Amino acid sequence: MQSTSFGPGNRGQQVGQNYGTINAEFHLPPERPETPPNPFATIPFSRDRDFVDRGDILEQIDKRCSEPAGRVALVGLGGVGKSQLAIEYAYRIATVQADTWMFWVHAGTQARVEEGFRAIADAVKLPGRNQPKANIPQLVYSWLSNERNGRWIMILDSADDRNVFYGPTGDEASNRRPFATYLPQSRNGSILITTRDKDLASRLTGHRQNAVGVGPMTQTDALKLLKKKLGSFPGAVVAADLVQALDFVPLAISQAAAYIQARAPRSSPEKYLAEFRDSERKRSRLLEYDGGDLRRDGGASNAILTTWTISFNHIRSMRLSAANLLSLMSFFDRQGIPGWVLKPSRIAKDTTRARGIDEVTERESNDSSTTDSGTDDGADDDIDGGFEDDVAMLRDYCLIVPDEAGDEFEMHGLVQLSTRKWLEAYGQQEMFKQQYIDRMAASFPTGQYENWATCRSLFAHVQVALGYRPSENTVETWAKLLHNGGWYAWSQGRYNVAQQMVSKARKVREKKLGKEDVATLASTSVFSLILLDRGRWGEAEKLFMQVMETFKTKLGADHPDTLTSMANLASTYRNQGRWEEAEKLDVQVMETRKTKLGADHPDTLTSMANLASTLWNQGRWGEAEKLFVQVMETRKTKLGADHPSTLTSMANLASTYRNQGRWGEAEKLEVQVMETRKTKLGADHPDTLTSIANLASTYRNQGQWGEAEKLDVQ
């Protein structure tokens with residue numbers, strides 16, 4: 001083997017013939033001593049001339065960073081302006097504290113943190129930093145820990161992944177400690193962190209109290225930002241509506257302004273808002289616009305949907321069940337999302353069941369038939385322990401906010417939209433939409449009086465379902481949900497939304513089950529009652545007749561559902577002044593119910609009240625009064641004095657007194673009915689308004705003009 005020479009760079013080392021291992025050391029020339037520079041700021045972004053100060057957040061940062069070894073974290077959703085606040089704070093400190101080092105480290109990945117620490121080493125000219133095996137984090141840590149090197153502030157921006165700081169470093173050869181251990185706690189330095197993860201903020205700062213929550217802007221601040229970004233101010237109403245539609249999120253507002261400016265004059269705030277409100281597809285397209293921003297890191301998107309997708313993907317990789325919970329919640333109304341509906345134990349074993357679950361209801365009363373609410377008595381006890389961990393993760397990422405009691409949750413509308421768009425990209429939107437419909441159908445009961453409290457708490461979420469297009473597998477369950485929701489809305493006098501819901505439920509059931517199915521007939525009955533209360537008596541009569549004849553054929557003339565349909569048909573006759581036809585049906589229903597159900601059964605009492613109303617309309621006051629008194633007293637005993645049906649019977653009895661000129665007795669009952677209805681139904685419920693009008697009439701008939709006028713104004 002010929003000898004080999006490596007040249008002068010090897011300082012004369014040569015190898016002749018050799019048959020063993022060669023151990024050679026290469027010595028780099030000694031580093032030249034460098035003069036340590038004076039403190040300066042390394043801020044990679046220019047100052048934002050459109051910055052809007054947001055309350056006392058900057059003051060809170062300054063207060064905590066002024067403390068020895070102070071640490072503070074800005075925590076919030078992506079796009080709420082955490083980094084912009086950090087940039088402004090850095091410039092303010094650099095302006096007034098020239099003797100303070102300001103270091104900026106992008107903390108999105110371990111590679112970026114490593115890069116940031118090397119930049120610090122270069123900035124302060126750390127000796128040994130250029131050695132091949134130099135432990136840069138350790139060198140920086142040692143320099144920062146030395147109080148003789150002066151005051152410093154480090155900003156860790158976008159520290160969203162806890163594995164960056166607490167996971168293995170990926171440098172197996174160096175066996176390096178986690179990055180979190182290289183963050184000094186020396187008295188001469190402070191650390192400001194921006195993060196989406198509240199738990200990580202707590203770990204890095206040492207206490208949850210060191211986390212400053214950054215949410216969407218106030219309306220005032222949002223309007224200021226919109227004006228600065230647009231360069232002009234649109235009409236006050238349009239501007240307020242636009243920032244509200246964008247959930248007051250700074251990035252979304254900036255993004256919208258950039259879109260409008262890029263397309264002017266063919267776009268404007270008015271046109272943007274109209275397009276945004278038009279459909280979810282158009283909202284998604286607008287929110288995917290990326291107009292660029294020099295004050296955001298090059299790896300960060302300027303589109304709000306893309307920004308939040310980062311959080312969703314991270315949660316999905318860390319805890320799939322939490323991502324699934326977020327996915328389910330995205331289909332609810334954004335406010336008042338009930339925890340008990342979300343829990344795993346709420347999954348219905350048979351939520352597609354449509355037959356036999358509905359009751360045919362009757363106008364005079366809230367039908368007292370048996371209800372199937374689809375709930376499980378032991379559901380609240382059978383809670384998956386992981387549910388609370390899922391909730392905690394979503395809270396830590398500021399994606400959901402619990403109420404004070406912790407029983408209900410709230411989400412930003414744009415977060416819900418982004419989540420659904422994210423699910424669409426994964427091909428899972430329909431799956432979670434179906435889960436939502438199943439949960440709600442199993443949880444939302446029929447519209448009977450005893451269910452009103454539950455219905456009231458869930459109704460907003462049923463209204464959301466009205467706008468969804470269910471799959472073929474879910475459509476019957478969806479129809480059940482809309483049927484029950486429409487039933488409740490009708491009972492509350494909300495006839496428009498009630499008609500929308502029940503109409504859709506009825507159409508689905510007719511198509512899937514047929515016109516003569518019991519569930520279809522139940523929806524037709526409720527739909528007819530809505531028409532009846534809206535004064536469309538001819539249409540209601542036609543439908544009630546169809547329902548009655550079908551029930552007679554399928555169930556028999558004395559079946560409870562048949563009797564209810566007869567009573568409803570009688571109501572249409574009564575409203576059209578067809579007293580004899582109404583009376584004939586009323587008597588038949590009442591007598592059959594007395595025989596089949598008993599004289600004090602709620603359904604029997606309803607038929608007695610209906611007959612009394614027919615007699616009252618014919619001027620047969622004595623007969624009507626006798627029945628009304630009997631119904632009222634029995635209902636007080638059976639249902640309670642404040643039950644809506646009891647109040648109806650009291651109001652009817654008052655009417656008989658009024659028609660007989662017994663004003664004092666009428667007034668006493670009417671005051672009681674009015675006040676109780678205000679409490680139980682609300683001041684603007686149709687029945688409450690009717691009772692107010694009746695009392696005003698009684699006052700006028702007694703010459704109490706002032707009292708009557710006060711009520712007329714209401």
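These legends accompany several views of a predicted protein model.

**View 1. The whole protein, with its 30 helices and 10 strands.** Let's start with the full picture: the protein has 714 residues, and 51% of them count as buried. Its accessible surface comes to about 32,600 Å², with 48% of that belonging to carbon and sulfur atoms. If we take contacts between residues at least 6 apart in sequence, 69% of them join residues at least 24 apart.

**View 2. Strand E3, residues 71–75, is mostly covered.** Here 5 of the 5 residues in E3 are buried. Arg 71, Ala 73 and Val 75 point one way from the strand, while Val 72 and Leu 74 point the other way. In a regular strand, side chains alternate between the two faces of the sheet.

**View 3. E3 pairs with strand E6, residues 189–195.** The pairing is in the parallel sense and runs over 5 bridges. To find your way along it, look for Val 75, whose bridge partner in E6 is Thr 195.

**View 4. E3 also pairs with strand E7, residues 211–213.** This pairing is likewise parallel, over 3 bridges. A handy landmark is Leu 74 of E3, which has Val 212 as its bridge partner in E7.

**View 5. Two buried cysteines, Cys 398 and Cys 455.** Cys 398 has a relative accessibility of 17%, so this residue falls under the 20% cut-off and counts as buried. Cys 455 counts as buried too, because its relative accessibility is 0%. As for cysteine pairs, the count of disulfides in the model comes to 0.

Methods
Residues are numbered from 1 along each chain as its sequence is written. This is a predicted model: local features need pLDDT of at least 70, side-chain atom pairs count only at pLDDT 80 or more; totals for chains, interfaces and linings use all residues. Side-chain values use heavy atoms; hydrogens and water are left out. Buried means under 20% relative accessible area, exposed over 50%, partly exposed in between (1.4 Å probe, protein chains only). Helices (H or I, at least four residues) and strands (E, at least two) are DSSP runs, numbered from the N terminus. Two strands pair if DSSP finds at least two bridges between them. A disulfide is a pair of cysteine sulfur atoms within 2.5 Å. Contact means heavy atoms within 4.5 Å. Accessible areas come from the Shrake-Rupley method with a 1.4 Å probe; for residues, only the protein chains shown count as cover.
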